[in-house]
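This report looks at domains, helix packing and empty space in one protein chain. Please keep the sequence and the model open while reading.

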Amino acid sequence: MQETLNYINENKQRFVDELFELLRIPSISADPAYKDEVLKCADVCAEHLKNAGADNVEVCKTKGYPIVFGEKMVDTNLPTVLVYGHYDVQPADPLDLWKKPPFEPYIEKTELHPEGAIFARGSADDKGQFFMHLKAFEAMMKTNTLPCNVKFILEGEEEVGSVSLGDFVNENKEKLSCDCILISDTHIYSNEQPTVTTGLRGLSYVEVEVEGPNRDLHSGLYGGAVPNPIHVLSRMIAKLINEDGYITIDGFYDNVDIVSEADRAEMNKLKDNPEEFKKSIGLNGVEGEKGYTTLERTSIRPTLDCNGIWGGYTGEGAKTVIPSKAFAKISMRLVPYQTPEEITEKFTKYFEKIAPANVKIKVTPHHGGMPYVLPTETKEFLAAKQAMETAFGKEVLPYRGGGSIPITSMFEKVLGAKSVLMGFGLDSDAIHSPNEHYGLFNFYKGIESIPLFFENYTK
């Protein structure tokens with residue numbers, strides 16, 4: 001390993017320079033205006049894979065943006081690790097909130113990153129993180145220390161729901177066959193307390209519509225005599241959660257996994273700090289389900305949130321109307337063993353049940369995903385934990401994230417392999433927001449940790 005680490009240290013600046021070139025490509029998958037840039041980014045990723053030493057590198061066509069594949073098969077008797085990442089990025093809007101243009105990367109020191117952080121769209125999500133794998137692989141290849149087989153799959157549609165990935169994986173099971181999947185698209189708790197993500201929540205996302213009168217009405221002529229859909233919808237949303245933070249949907253908690261007291265104690269070693277949490281988001285107080293810490297509320301418990309609500313007149317000035325319709329978008333984060341299909345059905349039935357008879361209700365499901373858990377006794381987790389403990393020189397704890405990465409469940413179902421979520425970002429890196437950044441410390445620690453994971457997992 002020392003030879004590999006020496007190679008990494010000798011090439012640190014080049015690694016950053018090459019990442020800057022990748023970050024300059026505005027590979028925004030959500031906006032068709034950037035189609036050529038997304039395709040260019042796929043080609044650049046393929047070139048990096050080839051230069052690092054991968055064989056059979058392909059830019060594979062899909063119904064959407066291409067998937068970049070490459071591999072290095074050392075010995076079929078050795079285990080195979082499949083590395084996943086995505087080269088597409090979120091739109092950069094609003095542009096006026098960026099300190100500098102989002103696709104002109106630069107390094108700046110911050111309170112959390114005294115060694116400097118790379119500021120650019122995609123720096124943490126996910127170009128900076130998957131690029132660590134390419135450079136770690138290069139280091140192992142150049143020093144002849146790759147201990148097992150490795151395959152790479154880099155997609156260009158993660159930020160728009162990985163719409164082509166499922167079909168590609170199902171159609172290429174043999175090509176993608178592996179023993180485990182390694183993903184760096186998550187974060188650690190802090191640089192002082194490194195973690196390995198062992199769980200993610202699932203998702204059920206719906207849009208609701210409440211219809212009252214057959215047209216917008218004059219609020220002077222009809223006000224006080226007819227149902228106002230905005231009022232009705234607001235009351236219905238308020239009924240979905242009670243004062244104890246408990247979701248009132250019938251049967252909502254039927255299949256919720258009850259985490260053991262021992263696991264909860266291990267989880268809370270992360271030293272949940274309510275004051276720091278409140279300060280970081282500008283709040284005077286927090287709330288949530290009674291009987292659980294903030295860490296637990298955002299990881300092992302299901303939630304329901306109204307993400308947007310609208311109806312009637314919202315333009316400049318005044319227009320005195322009772323709207324014909326009101327709308328809202330609602331997301332529910334799920335935990336094992338809830339499924340998006342089950343929860344969407346229960347939500348729909350309950351929402352219809354609490355609706356007054358004088359309005360019409362419509363619930364439209366949008367998308368969903370399954371929750372995911374990597375048990376802490378598995379060889380995949382232990383290999384990651386030991387790798388990061390060696391690199392950071394500190395105890396590494398398990399950490400359950402509150403977000404959703406639906407592909408992890410799909411990978412396990414189709415390929416029969418567990419995903420190791422060994423991310424190195426921080427939750428303060430402003431991913432999806434202006435001034436996204438990724439610490440140089442984190443970037444380098446990732447490159448150091450990945451070869452150690454390969455070594456540990458092979459053993």
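The text below covers the domains, then one helix pair, then a pocket and a cavity.

**Domains**

The coordinates are those of a predicted model. The domain assignment splits the protein chain into domain 1 (1–200 + 371–458) and domain 2 (202–256 + 302–369). Their C-alpha centres are 37 Å apart. Seven residues from domain 1 and eight residues from domain 2 make up the contact between them.

**A helix pair**

Helix α3 (residues 35–52) and helix α4 (residues 127–142) have axes that come within 8 Å and cross at roughly 25°. Angles under 35 degrees count as roughly parallel, so α3 is roughly parallel to α4. On the α3 side, the residues that meet α4 are Cys41, Cys45, His48, Leu49, Asn51 and Ala52. Their partners in α4 are Lys127, Phe130, Phe131, Leu134, Lys135, Phe137, Glu138, Met141 and Lys142. Sorted by class, this contact holds nine nonpolar, two polar and four charged residues.

**The second largest pocket**

The second largest pocket holds about 570 Å³ of space. It is lined by 28 residues, and those closest to its centre are Thr198, Val373, Leu374, Pro375 and Arg400. Two or more lining residues come from each of α8 (261–267), β15 (372–373), β16 (397–400) and α13 (407–415). Among these elements, α8 gives the largest share of the lining, four residues. Both domains take part: domain 1 (1–200 + 371–458) and domain 2 (202–256 + 302–369) each supply at least three residues to this lining.

**The cavity**

The structure has one cavity of 30 Å³ or more. About 40 Å³ of space lies in this largest cavity. Its lining consists of Met267, Leu270, Leu295, Thr298, Ser299, Tyr399 and Arg400. Arg400 also belongs to the residues closest to the centre of the second largest pocket.

**Linings side by side**

The table sets out the volume and residue classes of the two spaces.

| Space | Volume | Nonpolar | Polar | Charged |
|---|---|---|---|---|
| Second largest pocket | about 570 Å³ | 15 residues | five residues | eight residues |
| Largest cavity | about 40 Å³ | four residues | two residues | one residue |

Which residue classes make up the lining of the largest cavity? Four of its residues are nonpolar, two are polar and one is charged. For the second largest pocket, the lining divides into 15 nonpolar, five polar and eight charged residues.

Technical notes. Residues numbered from 1 in each chain as written. Predicted model: local features only at pLDDT ≥ 70, side-chain atom pairs only at ≥ 80, totals over all residues. Heavy atoms only, no water. 1 Å grid on protein atoms, 1.4 Å probe; cavity = no way out; pocket = protein on both sides within 12 Å on 5 of 7 lines; lining within 4 Å. Points joined across faces, edges and corners; volume = space filled by probe spheres on them. Nonpolar A, V, L, I, M, F, W, Y, C, P; charged D, E, K, R; others polar. Domains from an automatic or database assignment. Axes fitted to C-alpha atoms, helices over the stretch in contact; angles between N-to-C directions. Parallel < 35°, antiparallel > 145°, perpendicular 65-115°, else oblique. Contact = heavy atoms within 4.5 Å.
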